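Work through the exercises below with the model open beside you. Try each task before you read its solution.

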Amino acid sequence: MRPYKYTVGTDPATSINAVRNNPGAKFLGGGTNLVDLMKEDVSQPNELVDITRLKFSDIKTSGDAVMIGAAATNASTANHETIREKFPLLSMAILAGASAQIRNMATNGGNLVQRTRCTYFYDVHMPCNKREPGTGCGALKGMNKNHAIFGWSEKCVAVYPSDMAVALAALNAVVHVQGPGNKQRSVPFAEFHRLPGDHPEKDNNLEQGDLIHSIELPENNLAGKSYYLKIRERSSYAFALVSVAAALEVDGNRIKDVRIALGGVAHKPWRATIAEKWLAGKDATEANFRAAAMAELKQAKPLEHNKFKVALAEKAIARALQGAMKGGLYGMEEDMEG
Ligand SMILES: Cc1cc2nc3c(=O)[nH]c(=O)nc-3n(C[C@H](O)[C@H](O)[C@H](O)COP(=O)(O)OP(=O)(O)OC[C@H]3O[C@@H](n4cnc5c(N)ncnc54)[C@H](O)[C@@H]3O)c2cc1C
Ligand code: SF4
């Protein structure tokens, strides 16, 4: 690991200025991703500005929404009474990720900005356009079993690893960002992360020095029928091969509102808008769930080693929607262990 300066951020403005004025500086949340990347020499910041002591860890109701602080830990967010009651999908997704120890350290802001788990990205001896633009993509024609089936480019086929973000995409969350000069902006979740295009080195639309201070969860009527399904190679401590955040509002058996987002399939949480449109106004039946999933997966473009993800995602969507119909957090124990 290379030497770096450690600064304790005491207030947002000075923390933002410190990072904005030094291209080599980064914010430090729980450090569970950034410090790993530094140890592997993938990331070489010359200064870390610790933002965990800023007053950004509240979880509170504000008008028609609930605001969760960026410095709140993943564990305190998942276990918060209001989140469990109103947004069980988010609790399920967070608890499906990492391990209890990591969730106790990891912050919500850091979770959204964590980097891909592509093995070529982590190996500094391999070509990787995300780590070193212009060197090529080792995974495009290499080992791409864990990689994207939607939205990839010739420059990068990586997937985004967060579980929490998949639920936030389905919940139409809004990310509140504070930039230099105290400029505040609100970014709809769908616009927060990026597809790789020609610039896979950029995972999201934050600029140097932009600080996430909170995540807004707009109220909805989906709490009773939501489900996070994560398919992975081990039952704990593993990233998703495919995951699905599914939530429904029904009138009788007729679908009034449906949200489906996929993880493990693209460079950002993939909102399954084709399946959602297919299901709008229809009956909540297994046959309809399967047909909607098929319609979505028709758009998939698998790589050489991940064709299995197409069938897996199709089945996972249908199963997650069925799980959502059964309802809520407490039907999920089998998938939440770990
Ligand atoms: C063994 C292991 C298994 C894991 N398994 C999973 C899993 O299954 N599912 C899953 O979703 N995740 C998993 N994770 C990832 C984990 O969730 C992330 O490492 C964690 O959420 C990152 O949060 P952090 O606060 O530690 O971020 P840090 O490591 O501190 O920071 C990550 C990045 O975010 C930036 N950042 C931090 N806070 C802010 C902010 N407020 N505004 C702007 N930028 C900010 C930092 O500058 C840095 O670039 C795993 C991690 C490990 C080590
Ligand atoms: S998929 Fe993206 S992260 Fe992985 S090697 Fe290719 S460019 Fe790098």
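The exercises cover aromatic pairs, the ligand shell and backbone angles.

This is a predicted model, where local features need pLDDT of at least 70, side-chain atom pairs count only at pLDDT 80 or more, and totals for chains, interfaces and linings use all residues. Residues are numbered from 1 along each chain as its sequence is written, chains are lettered from A and ligands numbered from 1 in the order in which they are written, and side-chain values use heavy atoms, leaving out hydrogens and water.

**Exercise 1. Classify the ring pair of Phe121 and Tyr122.**

Step 1. Take the rule. Rings of Phe, Tyr and Trp (its six-membered ring) pair if their centres lie within 6.5 Å; planes under 30 degrees apart are stacked, over 60 edge-to-face, and the rest tilted.

Step 2. Search the whole structure. Three aromatic pairs turn up.

Step 3. Apply the rule. The ring centres of Phe121 and Tyr122 are 6.0 Å apart and the planes meet at 80 degrees, so this pair is edge-to-face.

Step 4. Check burial (buried is under 20% relative accessible area, exposed over 50%, partly exposed in between, with a 1.4 Å probe and protein chains only). Phe121 has 1% and is buried. Tyr122 has 18% and is buried as well.

Step 5. Turn to Phe189 and Phe192. Their centres are 6.3 Å apart with 15 degrees between the planes, and the pair is stacked. Both Phe189 and Phe192 are buried.

**Exercise 2. Find which residues come nearest to ligand 1, and what contacts it.**

Step 1. List the neighbours (a heavy atom within 4 Å). There are 34 residues around ligand 1, and Phe27, Gly30, Thr32, Thr107 and Asp163 come nearest.

Step 2. Sort the shell. It holds 15 nonpolar, 13 polar and six charged residues. Here Ala, Val, Leu, Ile, Met, Phe, Trp, Tyr, Cys and Pro count as nonpolar, Asp, Glu, Lys and Arg as charged, and the others, Gly among them, as polar.

Step 3. Look for polar contacts (N or O atoms within 3.5 Å; within protein, one must be able to donate a hydrogen and the other to accept it, and sequence neighbours count only if both atoms are side-chain atoms). A polar side-chain atom of Asp163 is 2.7 Å from a nitrogen of ligand 1. A side-chain N or O atom of Lys230 is 2.9 Å from an oxygen of the ligand. A polar backbone atom of Ala238 is 3.4 Å from a ligand oxygen.

Step 4. Work out the cover (Shrake-Rupley areas, 1.4 Å probe; for residues, only the protein chains shown count as cover). Alone, ligand 1 has 980 Å² of accessible area, and the protein covers 93% of that.

**Exercise 3. Decide whether Ala98 and Asn172 are buried, partly exposed or exposed, and inspect their phi.**

Step 1. Recall the background. Most residues other than glycine have a negative phi.

Step 2. Read the angles. Ala98 is not a glycine, yet its phi is positive, about 55 degrees. Asn172 also has a positive phi, near 55 degrees.

Step 3. Place them. Ala98 is in the loop between helix H5 (88-95) and helix H6 (100-105). Asn172 is in the loop between helix H9 (164-170) and strand E6 (174-178). Helices (H or I, at least four residues) and strands (E, at least two) are DSSP runs, numbered from the N terminus.

Step 4. Give the exposure. Ala98, at 32%, is partly exposed. Asn172, at 34%, is partly exposed.
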